[in-house]
Every structure is written in C-alpha cells, then in structure tokens.
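Work through the exercises below with the coordinates open. Each task is followed by a stepwise solution.

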Amino acid sequence: QLQISGAAQELVRERLRSLPEVSLEVLSAAAVIGQNFDLGLLGYLTERPGHELLEALDGSLANDTIVPSLERPGAFAFDHALIREVLYDDLSARRRCELHARAGEGLVRRRAGGAEITTAELARHFLAALPLTDVAVAVDYARKAAAVATGMGAHSDAHALLMRGLSSLQFAIEPDPETRTALLLELAIVERVLSE
C-alpha cells in the first residue's frame, strides 16, 4: 500500500472528476483487478459488453488515466499506481468486497479453462472479498499460495499470507480447529526460517 499525501490524492481525484460517471464506475472495478487489467475480466466484473467498456474507457485513455498494453490486445494498465490506489480507496467496503468476490470467481473459471492464474492472485481476491465469500475457500487459497511462496524462498510473502489466513478465521462462526492448527504450524515453520 502506497503512502499517498492528501495533496497528491486530491490532484488525482481532480483528474478523475473530469471523467463521466460510467468511466469512473468501470475504472473502479479495474482498480480491484489490479495495476494491469483486461477487458474480459473487467466485463465479467461489471457485467457490461465489450463495446460499452471501450466507450467507458475512451475518456480515460484520452486523459492518460490508463494506457493500453503493448503486449496484450484488450489489456490496459493504470498510468500511475496513485490513480489505481485512489479509485480503490474511494470504493465502499461493500462494493470492494463484491468486486473482489466476482474477480475471484472469474479467475477460477479462467483457470478451469486452462489459463495460468496464480494461486496468490486467487488468494488476494478471496481474502479481500471476506466476509462475502466462503472463509474455508479463502483460507485454503491463502495456505496454498503460502506453500508456493515458501517453495520459491519468498518466506515474507508466505508469512503475510498465513497471517491473513489466520485472521480470516474470525469471519467463521465455527472455525475448523484443524485448519487453525495447520495454519499455526505452517506459520511457526515460516517464522523459524525468517528468524535464522
């Protein structure tokens, strides 16, 4: 999370205010996807057809809020991380959770179709969608993503994921004791490596 000064945030908001409401709505959904986004997933989140999305994004391209991807047709990126951050922060908590839940669902469907979607990306969306998504599913993705991170030697990332997973159990009415125990054990292993 970037530390943005109030003045910088206001400058970004001023730039965004020149856009039509529909553009802001679409851009806010894109901000939930990430710094880079594509029309396929954006359409799934907003339930808008491609031509409507392109119309909504036209003004954003004109004022350089977003830029087209040179590598992937139909993909875009926010021109600056501050723009995405402000859009994301200005979403209501409920809307943010709804969009993360939908993004998670869309990525699961993509993965089932053979697309390369990382477990870390799925964990990010399902954890951020709580309490609107299944706690067990979110925690499972967090644990799997932590295992991948550990395998790559990214122990700090694994630690952060396991901590998120553990704190997510608060959303369960009756958290599974075995899951909690497994999380604590995995966390202890990662913490031992980090302390060496």
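The model is predicted.

**Exercise 1. Find the residues with the most contacts inside the largest nonpolar core, and the helix that gives the most to this core.**

Step 1. The largest nonpolar core has 51 residues.
Step 2. Within this core, the most contacts belong to Leu16, Leu27, Phe37, Leu42, Leu57 and Phe78.
Step 3. The helix that gives the most to the core is helix 8 (residues 135-151), with eight residues.
Step 4. As general background, nonpolar side chains in soluble globular proteins tend to be buried together.

**Exercise 2. List what Phe78 touches, leaving out residues up to four places away in sequence, and state which way it points from strand 3.**

Step 1. With those residues left out, the contacts of Phe78 include Leu27, Ala30, Ala31, Gly34, Gln35 and Phe37.
Step 2. Further along the sequence, Phe78 also touches Thr65, Ile66, Ile83, Arg84 and Leu87.
Step 3. In strand 3 (residues 75-78), Phe78 points the same way as Phe76, while Ala75 and Ala77 point the other way.
Step 4. All four of these residues are buried.
Step 5. The general rule is that side chains in a regular strand alternate between the two faces of the sheet.

**Exercise 3. Determine how strand 3 pairs with strand 1 and with strand 2.**

Step 1. Strand 1 (residues 36-38) pairs with strand 3 in the antiparallel sense, over three bridges. Asp38 has Ala75 as its bridge partner in strand 3.
Step 2. Strand 2 (residues 66-68) is also antiparallel to strand 3, again over three bridges. Here Val67 is bridged to Ala77.
Step 3. Strands 2 and 3 form a hairpin, with six residues between them. In the turn, Gly74 has a positive phi of about 80°.

**Exercise 4. Describe the crossing of helix 2 and helix 3, and classify the residues in contact.**

Step 1. The axes of helix 2 (residues 21-33) and helix 3 (residues 39-46) come within 10 Å and cross at roughly 115°.
Step 2. The crossing is right-handed.
Step 3. Helix 2 makes the contact through Val26, Ala29, Ala30 and Ile33, and helix 3 through Leu41, Leu42, Leu45 and Thr46.
Step 4. Seven of the contact residues are nonpolar, one is polar and none is charged.

**Exercise 5. Is His100 buried or exposed, and what does it touch?**

Step 1. His100 is found in helix 6 (residues 93-112).
Step 2. Its relative accessibility is 1%, so His100 counts as buried; the cut-off is under 20%.
Step 3. Not counting residues up to four places away in sequence, His100 touches Val32, Tyr88, Arg124, His125, Ala128 and Ala129.

Definitions and conventions: Residues are numbered from 1 along each chain as its sequence is written. This is a predicted model: local features need pLDDT of at least 70, side-chain atom pairs count only at pLDDT 80 or more; totals for chains, interfaces and linings use all residues. Side-chain values use heavy atoms; hydrogens and water are left out. Axes are lines fitted to C-alpha atoms, for helices over the stretch in contact, and angles run from 0 to 180 degrees between N-to-C directions. Helices (H or I, at least four residues) and strands (E, at least two) are DSSP runs, numbered from the N terminus. A crossing is left-handed if the near helix is turned anticlockwise from the far one by less than a right angle, and right-handed if clockwise. Contact means heavy atoms within 4.5 Å. Ala, Val, Leu, Ile, Met, Phe, Trp, Tyr, Cys and Pro count as nonpolar, Asp, Glu, Lys and Arg as charged, and the others, Gly among them, as polar. Buried means under 20% relative accessible area, exposed over 50%, partly exposed in between (1.4 Å probe, protein chains only). Two strands pair if DSSP finds at least two bridges between them. A nonpolar core is a set of buried Ala, Val, Leu, Ile, Met, Phe, Trp, Tyr and Cys residues joined through side-chain atoms within 4.5 Å.
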